[in-house]
Amino acid sequence: MNILILQASPKANGNTAWMAEEYKKAAEAAGHQVTLVNVSRKKIAGCLACEYCHNKGNGACIQRDDMQELYPLMAEAEVLVLAAPIYYFTLCAQIQAPIQRMYCVNAPAKVKKMALLMSSYSPGVYTGATAEYHDICNYWHVEDSGIVTAKIDEQKTDDTKQKIQALVSNL
Ligand SMILES: Cc1cc2nc3c(=O)[nH]c(=O)nc-3n(C[C@H](O)[C@H](O)[C@H](O)COP(=O)(O)O)c2cc1C
């Protein structure tokens, strides 16, 4: 399958980046085609709610920023993996912007399954992010292939690696 991973942590060697890499390695080993994008390094603004896309734009966003690179990747992806740290009890802003900029096309055309990788310092901080993710899966009519979380003592461990490998097996 064609898999797109959006990695949203600004820390290049942080835990979220590690989780995204482990997913990529496991998916490639299973024969999938994987594209990993570090969206934290992209300039992606929030949606302007200008409705250009739903009128004159005919599905195209009026904003000319790095989201233009992501639209074709989103259009071709069959599996979408979101990898994000928890900031203030929710998914970090760097992942929210690209999700909300999908407003112009409503849903990624070919995505059938999604997965969510999250890291945090504390336990018990994933409720809001998990609810948002499940609502998006339902709204886009895609199957949730699973969630892996890693709080401070679970980061870069063999146990977390195995949970990520199990997610790939769910595809
Ligand atoms: C702005 C900011 C807000 C954070 N908010 C939370 C939080 O609400 N709960 C929590 O457990 N950790 C919080 N953290 C810690 C990160 O989620 C944690 O360090 C995570 O592992 C970072 O992942 P990374 O190494 O991929 O960047 C926050 C960190 C930052 C920088």
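User: How many bridges join β1 to strand β2, and which way do the two run?
Analyst: Keep in mind that this is a predicted model. In it, β1 pairs with β2, the stretch covering residues 33–38. One of the pairings puts L6 opposite V37 in β2. The two strands run parallel, and the bridges joining them number 6.

User: Is strand β1 enclosed by the rest of the structure or left open, and how many of its residues are buried?
Analyst: Look at β1 one face at a time. On one side sit N2, L4 and L6, on the other I3, I5 and Q7, and all of these are buried. That makes β1 (residues 2–7) largely enclosed by the rest of the structure, because the buried count is 6 of the 6 residues.

User: Q7 has a polar side chain by name, so where does it sit, and what is its relative accessible area?
Analyst: Q7 belongs to strand β1. Leaving out neighbours within four places in sequence, Q7 is in contact with T16, A17, A20, L36, V37, N38, V39, S40 and A83. Buried means under 20% relative accessible area, and Q7 counts as buried at 4%.

User: What about L82: buried or exposed, and at what relative accessible area?
Analyst: L82 is in strand β3. Setting aside residues up to four places away in sequence, L82 touches L6, I95, I99, M114, A115, L116, L117 and Y133. L82 is buried, with a relative accessible area of 3%.

User: How far is the C-alpha atom of L82 from that of K43?
Analyst: Along the chain, L82 and K43 are 39 residues apart. In space, the separation of their C-alpha atoms is 17 Å.

User: Which residues of helix α3 are buried?
Analyst: Start with what lies over helix α3 (residues 93–100). The cover on its buried residues includes β1, α2, β3, β4 and α4. The buried residues themselves are I95, Q96, A97, P98 and I99.

User: Are helices α1 and α5 parallel, perpendicular or oblique to each other?
Analyst: The helices in play are α1 (residues 15–29) and α5 (residues 158–169), with their axes 9 Å apart. They pack at an angle of about 45°, and α1 passes α5 in a right-handed crossing. An angle between 35 and 65 degrees is neither roughly parallel nor roughly perpendicular. So the two helices are oblique.

User: Which residues make the contact of α1 with α5, and how do they divide into nonpolar, polar and charged?
Analyst: From α1 come W18, M19, E22, Y23, A26 and A27. They meet T160, K161, I164, Q165, L167 and V168 in α5. The residues of this contact divide into 8 nonpolar, 2 polar and 2 charged.

User: What is phi of A49, and where is this residue found?
Analyst: Most residues other than glycine have a negative phi. A49 has a positive value although it is a residue other than glycine. A49 is exposed, at 56% relative accessible area, and lies in the loop between β2 and α2. Its phi is near 55°.

User: H141 has a positive phi as well, so where is its place, and what is its relative accessibility?
Analyst: Phi of H141 is near 55°. H141 sits in the loop between α4 and β6. Exposed means over 50% relative accessible area, so H141 counts as exposed at 72%.

How values were computed. Residues are numbered from 1 along each chain as its sequence is written. This is a predicted model: local features need pLDDT of at least 70, side-chain atom pairs count only at pLDDT 80 or more; totals for chains, interfaces and linings use all residues. Side-chain values use heavy atoms; hydrogens and water are left out. Axes are lines fitted to C-alpha atoms, for helices over the stretch in contact, and angles run from 0 to 180 degrees between N-to-C directions. Helices (H or I, at least four residues) and strands (E, at least two) are DSSP runs, numbered from the N terminus. Angles under 35 degrees count as roughly parallel, over 145 as roughly antiparallel, 65 to 115 as roughly perpendicular and the rest as oblique. A crossing is left-handed if the near helix is turned anticlockwise from the far one by less than a right angle, and right-handed if clockwise. Contact means heavy atoms within 4.5 Å. Ala, Val, Leu, Ile, Met, Phe, Trp, Tyr, Cys and Pro count as nonpolar, Asp, Glu, Lys and Arg as charged, and the others, Gly among them, as polar. Buried means under 20% relative accessible area, exposed over 50%, partly exposed in between (1.4 Å probe, protein chains only). Two strands pair if DSSP finds at least two bridges between them.
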